[in-house]
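Student: I have a model open and would like to test the terms we use for it. Could you take me through the reasoning?

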Amino acid sequence: MNQTPNYEIPTEMRDFAEKSVEQARKAFDSFIGAARKTADTLQGSAELARNNAQETSTRGFSFAEQNVNAAFDLAQKLVRSKDVQEAMQHQAEFVRSQFAAMQSQAREFGGLAQSAMQQGAENAKQAMQQSAEHARNAMQQGAEAARNTANTAKDAASQG
């Protein structure tokens, strides 16, 4: 029968291969760690955006409720008015108070929007800086692993 010859793999080659695998694993773990940290940062940014949207929505419903209640209050005053002059006075008061309320509501919405944009911009800036730092570290570790592998290969070749 035909038997395959039994060639022994030199110890230096096995050591070289083992070191290469270990270095590749370390580089990969570094890369995955950086990717996870970036994903966590992005998830935090998405959560912040969701919270800001929820706060804006809540304030919007609150403002709508205030405005509708003010309109119902006016309707009730109009129905109870004794004459046209009193009705016109209630209408004028309503217009003044609603104009002031809408200005206040617009300022508050503007503040909410500005705050949300500032927070979003700050989170995006931090996420980009962290991602760049993690990527830079992963690349440096990968380059170091490649240099170590090349040196180990050169040493094994010179010994063999």
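Tutor: Happily! This is a predicted model, and a good place to begin is R50, whose closest N and O atoms to E47 are 2.8 Å apart.

Student: Why is the pair R50 and E47 called a salt bridge?

Tutor: The rule asks for a side-chain nitrogen of Lys or Arg within 4 Å of a carboxyl oxygen of Asp or Glu. R50 and E47 have their closest N and O atoms at 2.8 Å, so the pair meets that cut-off. Side chains of opposite charge can pair when their charged atoms come close.

Student: What separates R50 and E47 along helix α1?

Tutor: About one helical turn, because the two are three residues apart in helix α1, which covers residues 11-80.

Student: How many salt bridges does the structure hold?

Tutor: Three. One salt bridge is counted between domain 1 and domain 2.

Student: What makes E108 and R59 a salt bridge?

Tutor: Their closest N and O atoms are 2.6 Å apart, and the limit is 4 Å, so E108 and R59 qualify.

Student: Where do the two domains lie in the sequence?

Tutor: Domain 1 takes in 11-38 + 57-80, and domain 2 is 99-159. Their C-alpha centres are 14 Å apart.

Student: How do you know what the two domains bury between them?

Tutor: The figure is the accessible area lost when the parts are put together, summed over both. Here that comes to about 1500 Å², with 63% on carbon and sulfur atoms. On the domain 1 side, F16, Q23 and F63 supply 36% of the area buried against domain 2, more than any other three residues.

Student: Which residues does UniProt label "domain: Phasin"?

Tutor: The unreviewed UniProt entry places that feature at residues 30-123. Over this stretch the chain is 97% helix and 0% strand, and its end C-alpha atoms are 23 Å apart.

Note on methods: Residues numbered from 1 in each chain as written. Predicted model: local features only at pLDDT ≥ 70, side-chain atom pairs only at ≥ 80, totals over all residues. Heavy atoms only, no water. Domains from an automatic or database assignment. Buried area = accessible area lost by both parts, 1.4 Å probe. UniProt positions renumbered as here; feature names shortened; annotations may be inferred. Helix = DSSP H or I, 4+ residues; strand = E, 2+ residues; numbered from the N terminus.
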